[in-house]
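Here are a few short exercises to work through with the structure open beside you. Try each task on your own before you read its solution.

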Amino acid sequence: MARIKNVELPKEKRTVIGLTYIYGIGRSLAEKICANTKVDPNKKIKDLTSEDEAALRKEIDNHLTEGDLRREVQMNIKNKMEINSYQGVRHKKGLPVHGQRTSRNAKTRKGKGKVVANKKKVGK
């Protein structure tokens with residue numbers, strides 16, 4: 001059972017796919033890591049030897065992943081909010097940051113719709 005950077009890698013997946021379960025490692029970086037460590041990317045995680053796992057751990061330690069990367073991203077967002085940049089203001093307001101329109105979509109960022117009380121209709 002491979003455990004790298006406190007992440008359990010799925011046993012039945014190929015190595016190159018299993019490495020992508022670690023935050024900060026995508027497909028291309030996973031392929032580079034496999035190439036650098038000379039581990040077969042098509043080998044299943046459960047079939048890796050302890051030497052392979054050690055080589056993968058050593059190579060992954062050279063990259064910014066998991067907790068360190070999450071911390072850096074959060075610090076970047078906080079910095080933008082402190083200097084009141086456009087993106088920082090959008091983060092504060094809970095609106096989309098990268099120029100998406102908000103009139104029709106953006107439900108994920110804006111949340112559930114707020115009910116606005118309407119005026120009573122005057123009956124005839």
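**Exercise 1. Two helices that cross**

Task: At what angle do helix α2 and helix α3 pack, and how far apart are their axes?

Solution. This is a predicted model, so keep that in mind as you look.

Step 1. Find α2 at residues 27-37 and α3 at residues 50-60. They pack at an angle of about 125°, and their axes are 10 Å apart.

Step 2. Now put a word to the angle. Angles from 65 to 115 degrees count as roughly perpendicular and those over 145 as roughly antiparallel. The angle of α2 and α3 fits neither group, and the two helices are therefore oblique to each other. Their crossing is right-handed.

Step 3. Look at who meets whom. From α2 come I33, N36 and T37, and from α3 come A55, L56, E59 and I60. Sorted by character, the residues of this contact are four nonpolar, two polar and one charged.

**Exercise 2. A helix and its partner**

Task: How does the reach of helix α4 compare with the span expected for it?

Solution.

Step 1. Helix α4 covers residues 66-82, which is 17 residues. The expected span is 1.5 Å times one less than the number of residues.

Step 2. From its first C-alpha to its last, α4 reaches 24 Å, close to the 24 Å expected.

Step 3. Next, turn to the packing of α4 with helix α5 (residues 86-93): the angle is about 100° and the axes are 7 Å apart. That makes α4 roughly perpendicular to α5.

Step 4. In this contact, α4 supplies I77, K80 and M81, while α5 supplies Q87, G88, H91 and K92. The residues divide into two nonpolar, three polar and two charged.

**Exercise 3. Positive phi values**

Task: Where do N6 and N84 lie, and what is the sign of phi in each?

Solution.

Step 1. N6 sits in the loop between β1 (3-4) and β2 (7-8). Its phi is positive, about 60°, although N6 is not a glycine.

Step 2. N84 follows α4 and belongs to the loop between α4 and α5. Its phi is also positive, near 55°, and N84 is a residue other than glycine.

Step 3. Check accessibility. Exposed means over 50% relative accessible area. N6, with 66%, is exposed. N84, at 49%, counts as partly exposed.

**Exercise 4. Buried or exposed?**

Task: Is T15 buried or exposed, and how does R109 count?

Solution.

Step 1. Place the residues. T15 is in helix α1 (residues 15-18), and R109 is in helix α6 (residues 107-110).

Step 2. Buried means under 20% relative accessible area. T15 has 0% relative accessibility, so T15 counts as buried. R109 has 39%, so R109 counts as partly exposed.

Step 3. List the contacts, leaving out neighbours within four places in sequence. For T15 they are C34, V39, D40, P41, K43, K44, I45, L48 and L56. For R109 they are R90, H91, G94, L95, P96 and V97.

Step 4. Link this back to the earlier exercises. L56, a contact of T15, is also one of the α3 residues that meet α2. H91, which R109 touches, also takes part in the contact of α4 with α5.

Step 5. Finish with a distance. R109 and D68 are 41 residues apart along the chain, and their C-alpha atoms are separated by 25 Å.

Definitions and conventions
Residues are numbered from 1 along each chain as its sequence is written. This is a predicted model: local features need pLDDT of at least 70, side-chain atom pairs count only at pLDDT 80 or more; totals for chains, interfaces and linings use all residues. Side-chain values use heavy atoms; hydrogens and water are left out. Helices (H or I, at least four residues) and strands (E, at least two) are DSSP runs, numbered from the N terminus. Axes are lines fitted to C-alpha atoms, for helices over the stretch in contact, and angles run from 0 to 180 degrees between N-to-C directions. Angles under 35 degrees count as roughly parallel, over 145 as roughly antiparallel, 65 to 115 as roughly perpendicular and the rest as oblique. A crossing is left-handed if the near helix is turned anticlockwise from the far one by less than a right angle, and right-handed if clockwise. Contact means heavy atoms within 4.5 Å. Ala, Val, Leu, Ile, Met, Phe, Trp, Tyr, Cys and Pro count as nonpolar, Asp, Glu, Lys and Arg as charged, and the others, Gly among them, as polar. Buried means under 20% relative accessible area, exposed over 50%, partly exposed in between (1.4 Å probe, protein chains only).
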